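Here's a quick briefing on the model you have open. Have a look at it first, then use the notes below to find your way around.

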Amino acid sequence: MDQLDKQKAFEEETKRISDTVSKIKHRIIIFSGKGGVGKTTVSINLACIFHMKGFSTGILDADITGPNVPKMLGVDDRPIVLSDKILPFEKFGVKMISMAGLLNKGQPLIWRGPLRSKVINQFLADVEWGELDYLIADLPPGTGDEILSIAQQMKPNYAVIVTTPQEVSVIDAERAVAMAKELQIPSIGIVENMSGLICPHCGKEIDLFGKGGGKKLARESSTIFLGSIPIDIDARILSDKGKPIVLEKPDCEVTNAFKSIAGLIDAYYQENTIKIK
Ligand SMILES: Nc1ncnc2c1ncn2[C@@H]1O[C@H](COP(=O)(O)OP(=O)(O)OP(=O)(O)O)[C@@H](O)[C@H]1O
Ligand SMILES: [Mg+2]
């Protein structure tokens, strides 16, 4: 491909991405700074709630080298690749695309940033998302290239930053907040996950990782505190089985916390539909 062809291909891709983005009303990124704090769990459960509320919803698994969305949604297939489009998976009414379906099981993926960014561009340019009310991008831990690509291409209008209550996680989340601000994402909300553990034996609450770190961060960074989600052993067991807890246990504390968080995000969009583009 000579320079001119490359430039043309780039321009065409940019156009396809902006076509996709123009058909998606509410674009949310979920990230954290620290790994293992519950980003994918939050992405999946919020997506299921938005679908239950009647919104057309998709999840873009932007964790290219460690994609977990399909496992947690119980999807084991490969996406259908047509000549010029990729059809997203559909599970529990939610559309989804992930690198996991494009790799062989257990195959390691060691790619530098530019290649990972290329996949993200393709997920936006070539996946047949159609009209969506919500697209949630589940990001890998850290504040690396994927976030920059997503911010540039998907033009998110809401950043949900997930933290656990401990200081080490909150410090990383602080960096994530700073990055979201620098990227000029119009709204930033904090979710405190793994906030207290309800003992399955005695029903008493144990502050395994402490409590209140997320709320404090929101206060100090002038962001929105969206809510806390307790540790529920069933949340972990169900996610290993590919079953989102909000669908399996529709009235537990974790599900109610997710409903409240989704309600706050939705209310934000209702109030700001004219202002945000
Ligand atoms: N509130 C919770 N209660 C119990 N288990 C939870 C809760 N939130 C998440 N988990 C479990 O913790 C583990 C890590 O969660 P998850 O994969 O969502 O984190 P992550 O931030 O996406 O991780 P990574 O940084 O690797 O992408 C999973 O096994 C998940 O089931
Ligand atoms: Mg994850």
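A residue counts as part of the shell around a ligand if its C-beta atom, placed from the backbone, lies within 6 Å of that ligand. Keep in mind that this is a predicted model. On that basis, helix H2 (39-52), strand S9 (188-198), strand S11 (224-231) and helix H8 (233-240) each bring at least two residues to the shell around ligand 1.

**Around ligand 1**
- The ligand has 22 residues around it, and the closest are Gly35, Lys39, Thr40, Thr41 and Arg236.
- Sorted by class, that shell holds ten polar, eight nonpolar and four charged residues.

**The overall fold**
- You're looking at ten helices and eleven strands.
- The protein has a radius of gyration of 18 Å, close to the 19 Å that the globule rule gives for 277 residues, so it is as compact as a globular protein of that length.
- Measure along the principal axes is simple to state: the C-alpha trace spans about 65 × 40 × 35 Å.
- Buried residues account for 45% of the 277 residues.
- Take the contacts between residues at least 6 apart in sequence: 77% of them join residues at least 24 apart.

**The nonpolar core**
- The largest nonpolar core has 69 residues, and Ile30, Leu46, Ile136, Ala137, Val160, Ile161 and Phe258 touch the most other members.
- H2 gives this core its largest share, seven residues.
- Leaving aside residues up to four places away in sequence, Ile30 touches Lys39, Val42, Ser43, Ile136, Ala137, Asp138, Leu139, Val160 and Val162.

**Helix H8, side by side**
- Ala235, Leu238 and Ser239 are the buried residues to look for in H8.
- Viewed down the helix axis, the buried residues of H8 fall within an arc of 100°, so they line one face of the helix.
- Those buried residues pack against H2, helix H3 (69-73), helix H9 (245-248) and helix H10 (253-272).
- Flip to the other side of H8 and you find Ile233, Arg236, Ile237 and Asp240 exposed.
- Arg236 is thus a name to remember twice: it is exposed on H8, and it is among the residues closest to ligand 1.
- Just past the end of H8, Gly242 has a positive phi of about 80°.

**Two backbone oddities**
- As background, most residues other than glycine have a negative phi.
- Gln184 isn't a glycine, yet its phi is positive, near 60°.
- Gln184 sits in the loop between helix H6 (167-182) and S9, and it is exposed, with 7 other C-beta atoms within 10 Å.
- Ser222 also has a positive phi without being a glycine, at about 50°.
- You'll find Ser222 in the loop between helix H7 (213-221) and S11, where it counts as exposed with 9 C-beta neighbours inside 10 Å.

**Pro79 and its surroundings**
- Pro79 lies in the loop between H3 and strand S3 (80-81).
- Is Pro79 buried, exposed or partly exposed? Pro79 has 19 C-beta neighbours inside 10 Å and counts as partly exposed, because a buried residue needs 20 or more.
- Not counting residues up to four places away in sequence, Pro79 touches Ile86, Leu87, Pro88, Phe89, Ile97 and Gly101.
- From C-alpha to C-alpha, Pro79 and Ser98 are 8.7 Å apart in space, and they are 19 residues apart in sequence.

Key: Residues numbered from 1 in each chain as written. Chains lettered and ligands numbered in written order. Predicted model: local features only at pLDDT ≥ 70, side-chain atom pairs only at ≥ 80, totals over all residues. Helix = DSSP H or I, 4+ residues; strand = E, 2+ residues; numbered from the N terminus. Nonpolar A, V, L, I, M, F, W, Y, C, P; charged D, E, K, R; others polar. Buried ≥ 20, exposed ≤ 12 C-beta atoms within 10 Å, placed from the backbone. Arc of directions from axis to C-beta. Contact = placed C-beta atoms within 7 Å. Rg over C-alpha atoms; globule rule 2.2 N^0.38 Å. Core = buried A, V, L, I, M, F, W, Y, C linked by C-beta atoms within 7 Å.
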